[in-house]
Amino acid sequence: MVGAPFRPALVLVFGVLGLLIAVSFNTTSRLAEARPSRASDLVEVVREMEEQRGELQDRLAELRTEISRLERDAAEDSGIRNSFTHELDRVRQAAGLSEIRGPGVEVVLGDGTEVAAGADPNDYLIHDTDIASVVNALFVGGAEAIDVNGERIIANTPIRCAGTTILVNSTRLGSPYVIRAIGDPAALEQAVAADESASLLFEAYKTQFGLQVSLSKKAEVTVAAYRGSVRPQYAKPSDGGV
Amino acid sequence: MLALVLALALGVTLGLLTNVSVPAAWLTYLGVAVLAAIDACLGGIKASLEQTFDDKVFVSGFLTNTLMAAFIVFVGDRIGVRELYLAAVVAFGLRVFENLGTVRRLLFSRWGWE
């Protein structure tokens, strides 16, 4: 083949071919680098933060026990303090900082198990709005305390959706969602039945999409205490108190 | 032959050294362009061996094929049939192997192995 008459144009196109191959190589290796590292970084960050939060929650629980112990000690010291502590307990209970028991209902919301062919899988899942509407209906029925999978609903509890999970008090929950509410069981049941969007879950959606939903009246349910921190950063009492 | 290999190596080296890359959305265009270039190279070798190589035919063929392939990919993207680029890939792929076969036979006859 020595001395074969290859024209400059052909040589040039070979050069172009080499360049194109190199550019493709650069691009694919850049993409391969970029994608997994970002995702795994985020997963790592989330895991670390969840671990941190777990530790902090444990610490918070410890400190709360310590505080109530000290309060009890103090209460024993004086009768005046006794009434003060009593008031504090009541306020704490109202704020959702203590575990409480009483008659009520237990609502279980679980995803549907089988998705019909060609159907939208989203229809077969419990969404944040479903939980929110049930919680809302229970409050309408006079519920005094509610938790979702052990996450106490307090004054500023958000119920929202993040990807494939539902966040309550920034804790990720998964199906089935168990909602416990303390109040008059009959009134709670009736309030859920009367709520337009909540009742849909128990009737139409249950039969249509096979959602695992149920509501049972209980003589006694236990509602968990709020485990997060309550420390307002911006809100201050308007009467100038502490 | 040496000139062709050197040109190819030079192109690859240049690309790797400058580390030029394109947005992910352009990858399909780039792939089709690479196939068009491979096709043109083999076609050019074949024509050279048959001594029918013509600068005008070669360059215009390379350019129009590449542009048409890019156009097909573009139209496919626009009308939502992403797979339309396969038309170009299949066409170039067939030609590459056809030309490769011809080049092989031409080399055999040139070297007197028949």
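Strands, as named in this tour, are DSSP runs of E with at least two residues, numbered from the N terminus. The model on screen is predicted.

**Stop 1: Asn149, chain A.** Select the loop of chain A that runs between β2 (145–148) and β3 (151–152); Asn149(A) is found there. Check the backbone of Asn149(A): its phi is near 45°, a positive value in a residue other than glycine. The relative accessible area of Asn149(A) is 28%, so this residue counts as partly exposed.

**Stop 2: Gln51, chain B.** Change to chain B and select the loop between α2 (27–50) and α3 (55–79), where Gln51(B) is located. Gln51(B) is not a glycine, yet its phi is positive, about 60°. With a relative accessible area of 61%, Gln51(B) is exposed.

**Stop 3: Pro176, chain A.** Go back to chain A and pick the loop between β6 (171–173) and β7 (177–182), which holds Pro176(A). Look at the peptide bond that leads from Ser175(A) to Pro176(A): this bond is cis, with omega near 0°.

**Stop 4: Asp128, chain A.** Now select helix α3 of chain A, residues 128–140, which includes Asp128(A). Is Asp128(A) buried or exposed? Asp128(A) is buried, and it has no salt bridge. Show Arg160(A) as well: this is the nearest side chain of opposite charge, 8.1 Å away from Asp128(A). Which residues does Asp128(A) touch, leaving aside those up to four places away in sequence? They are Ile159(A), Arg160(A), Cys161(A) and Ile166(A). Arg160(A) is thus named twice at this stop, as a residue that Asp128(A) touches and as the nearest side chain of opposite charge.

Methods
Residues numbered from 1 in each chain as written. Chains lettered and ligands numbered in written order. Predicted model: local features only at pLDDT ≥ 70, side-chain atom pairs only at ≥ 80, totals over all residues. Heavy atoms only, no water. Helix = DSSP H or I, 4+ residues; strand = E, 2+ residues; numbered from the N terminus. Buried < 20%, exposed > 50% of the residue type's maximum accessible area, 1.4 Å probe, protein only. Lys, Arg positive; Asp, Glu negative; His and termini not counted. Salt bridge = Lys/Arg side-chain N within 4 Å of Asp/Glu carboxyl O. Contact = heavy atoms within 4.5 Å.
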